[in-house]
Structure formats: C-alpha cells, structure tokens
Amino acid sequence: MVRPKKHLGQHFLTDQNIARKIVGLISTSNATVIEIGAGTGVLTKFLIEDQLEKLHIIEIDEESVDYLHANFPELASKISLEDFLKSDLSVFQAPITIIGNFPYNISSQIFFQVLNYKHEVNEVVCMIQKEVAERLASSPGNKTYGILSVLLQAWYSIEYQFTVGEKVFNPPPKVKSAVIRLKRNETDHLDCNEKLFQQIVKKGFNQRRKTLRNALREYVTPSIIENDFFNKRAEQLSVSDFVSLTNLIESSKNTGIL
Ligand code: SAH
C-alpha cells in the first residue's frame with residue numbers, strides 16, 4: 001500500500017460504489033481523459049473499464065506512481081509523474097475531460113489551471129471539499145459566491161452532484177466532501193477585455209464587504225462613478241454584470257477622462 005502523505009492531500013477513497021458513481025458522471029464520449037492524482041487507483045480502475053484508450057494519469061507522488069505501475073500494467077506509458085499545476089495540457093488532444101479526487105489543499109489552484117486551458121477542457125468531474133464545491137456552484141447574492149464562482153461560471157455550467165462523508169476515506173479528512181461536475185458552456189469569448197475582467201473580479205471580491213466604489217477605487221473615474229454598479233458589492237454581480245462593468249471601466253480609461 002501507499003502510506004498517505006498529508007502534504008500531498010492524500011485521503012484515499014475506500015468506497016467502490018462512490019468511485020464507480022464518480023466515473024459514471026463523465027458525460028463526454030471520446031475526449032482525452034486526464035485523471036489528476038490517481039493515488040492507489042480507486043477511480044482509475046473504473047476509468048480503465050470505460051476510457052482506457054484515451055486515459056492519462058498525472059500524479060505527483062512517486063510512491064503512488066510505482067503502485068499504479070505495479071497494479072495496472074495496462075496503463076504503462078499513460079502515467080506521468082508530475083505536478084498538475086505545472087503540466088502543459090496543450091500536448092493532449094482536445095477536448096479534454098478532467099477527473100479526480102483532488103488534493104483539497106490545492107483545489108483552487110487546479111481550477112485556475114483549468115481556466116488556463118478553458119478552450120481545451122470541456123468537462124471536469126471532481127471531488128473537493130464540500131464548502132469549496134458550494135462556493136463554485138453558488139449564484140449571485142449568496143455569501144459563498146466568490147472569485148472562482150464568477151471566473152468558472154463564465155465558461156462552465158457547474159452542477160453540485162452529491163455530498164460525501166468523512167468515513168469513506170483513509171485517512172478521513174477533517175471536512176466533508178462533495179462531487180461536482182463542470183460542463184463547458186457555449187461561450188468562446190467574453191464580450192470584454194478578458195484580462196481586465198479577471199482583475200476586476202479579483203479586486204472586487206478581495207474586499208467583498210465594501211461597495212465596488214471602494215473595492216475598485218483604482219479603476220473608478222468621475223465619468224463613471226455615478227453608475228449603480230459602484231453602489232453594489234461584488235457578490236451582487238452576475239457574470240454578465242461583471243462583463244458590463246469591465247466594459248464601462250475600459251471605456252472610461254480609453255477616453256482618458258480622469
Ligand atoms: N484518487 C485517489 C487519491 C486522491 S488523494 C483516491 O481517490 O483515493 C489526492 C491525490 O492527488 C494523491 O494521490 C496525491 O498524491 C495527488 N496529488 C497531490 N498534489 C498533486 C499535484 N500537484 N499534481 C498531481 N497530483 C497531485
């Protein structure tokens with residue numbers, strides 16, 4: 001067996017039915033399937049049944065990789081010993097489906113990496129900490145709605161699937177878990193400067209209790225300050241509101257009126 005390592009977020013799922021159910025959530029056929037962090041292969045086993053042809057494993061832990069080679073010889077060349085956060089996904093044939101029981105300590109960073117490849121990644125099926133799952137799937141007006149909710153929902157529809165208790169892991173995590181599915185929407189570009197959009201979303205939520213007039217102080221000019229967006233807080237804005245706000249700020253920059 002592999003000795004679970006805390007710093008790698010290793011909590012091995014022990015319930016075969018849950019593993020089967022997670023793998024069964026993949027809705028795309030013929031995509032390249034990348035499993036992040038296969039560990040001892042509880043999901044991998046079911047992925048091999050369904051998806052072997054186009055399956056690829058990215059696992060950072062050498063001991064797990066050795067275990068996978070020994071127990072799943074059919075995977076042979078399909079396992080990379082590497083850090084997913086540094087992986088170059090452009091080497092894979094799109095569309096890409098990502099699946100995994102993610103290491104919870106880096107799940108947000110994994111989603112930022114997914115966003116770097118949003119034009120290639122068409123689906124994500126994953127288990128993460130329950131609170132994070134709720135945040136990602138949250139809608140405007142909720143306290144849990146945040147940066148990643150907006151940035152991901154701009155490109156993906158997010159479905160909360162089911163909650164998973166602590167006891168089905170070895171060792172049990174301190175938190176509850178949940179499985180979510182992200183499916184790419186029809187958007188191929190946002191109708192605004194996408195870089196500025198991302199900055200505004202981040203800055204807006206960094207001081208989430210303040211109105212956008214204060215949180216986005218550095219972007220607000222006298223010509224736009226009366227706009228009603230600036231009386232609101234970031235958590236009140238939908239994705240399309242943020243697109244409009246980005247255009248408003250961009251246009252006021254372009255006119256040069258300060
Ligand atoms: N899929 C297994 C293991 C889940 S635990 C199961 O369900 O039981 C999370 C896994 O992610 C561990 O195997 C850990 O080694 C791996 N991991 C942690 N950080 C990683 C990273 N940066 N890149 C790839 N894999 C990582």
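# A walk through the predicted model

T32 is buried, with a relative accessible area of 7%. That value is under 20%, so T32 falls in the buried class. This is a predicted model, and every value here is computed from it. T32 sits in strand β2, which covers residues 32-36. Its side chain has a partner in the backbone. A polar atom of the T32 side chain lies 2.6 Å from the backbone oxygen of Q93.

Now step back to the whole chain. The protein chain has 258 residues, and 49% of them count as buried. T32 is one of the buried residues. The chain holds 9 helices and 9 strands. Its C-alpha trace spans about 65 × 35 × 30 Å along the principal axes.

A second buried residue is found in a helix. F205 belongs to helix α7, residues 194-206. Its relative accessibility is 6%, which is under 20%, so F205 counts as buried. Take I58 as a point of reference. F205 and I58 are 147 residues apart in sequence. In space, their C-alpha atoms are 32 Å apart. I58 lies within the range of strand β3, residues 55-59.

Strand β3 leads to the ligand. Both β3 and β1 (12-13) supply at least two residues each to the shell around the ligand. There are 21 residues around the ligand. Those that come nearest are L13, G37, E59, D83 and N101. By character, the shell divides into 10 nonpolar, 6 polar and 5 charged residues. Where does the ligand sit? The space taken by the ligand is the largest pocket.

Look next at individual atoms. Which residues place an N or O atom by an oxygen atom of the ligand? Q10 does so with its side chain, at 2.9 Å. L13 uses a backbone N or O atom, also with a distance of 2.9 Å to a ligand oxygen. G39 uses a backbone N or O atom too, and here the distance is 3.4 Å. How much of the ligand does the protein cover? On its own, the ligand has 570 Å² of accessible area, and the protein covers 98% of that.

Some details of the backbone also deserve a look. Start with the cis peptide bonds. One joins A94 and P95, with omega about 0°. P95 is found in the loop between β4 (79-81) and β5 (96-101). Another cis bond runs from N170 to P171, and its omega is near -10°. P171 is likewise in a loop, the one between β8 (169-170) and β9 (177-184).

Then turn to phi. N30 has a phi near 70°, a positive value in a residue other than glycine. N30 lies in the loop between α1 (16-23) and β2. Strand β2 is also the strand that holds T32. Is N30 buried or exposed? Its relative accessibility is 63%, which is over 50%, so N30 counts as exposed.

A76 is not a glycine either, yet its phi is positive, at about 25°. The loop between α3 (62-71) and β4 is the place of A76. Its relative accessibility is 44%, between the cut-offs of 20% and 50%, so A76 counts as partly exposed.

How values were computed. Residues numbered from 1 in each chain as written. Predicted model: local features only at pLDDT ≥ 70, side-chain atom pairs only at ≥ 80, totals over all residues. Heavy atoms only, no water. Near = heavy atom within 4 Å. Polar contact = N/O pair within 3.5 Å; in protein donor to acceptor, adjacent residues only side chain to side chain. Areas by Shrake-Rupley, 256 points an atom, 1.4 Å probe, with all protein chains shown as cover. 1 Å grid on protein atoms, 1.4 Å probe; cavity = no way out; pocket = protein on both sides within 12 Å on 5 of 7 lines; lining within 4 Å. Sits in = over half its atoms within 2 Å of the grid points. Helix = DSSP H or I, 4+ residues; strand = E, 2+ residues; numbered from the N terminus. Nonpolar A, V, L, I, M, F, W, Y, C, P; charged D, E, K, R; others polar. Buried < 20%, exposed > 50% of the residue type's maximum accessible area, 1.4 Å probe, protein only.
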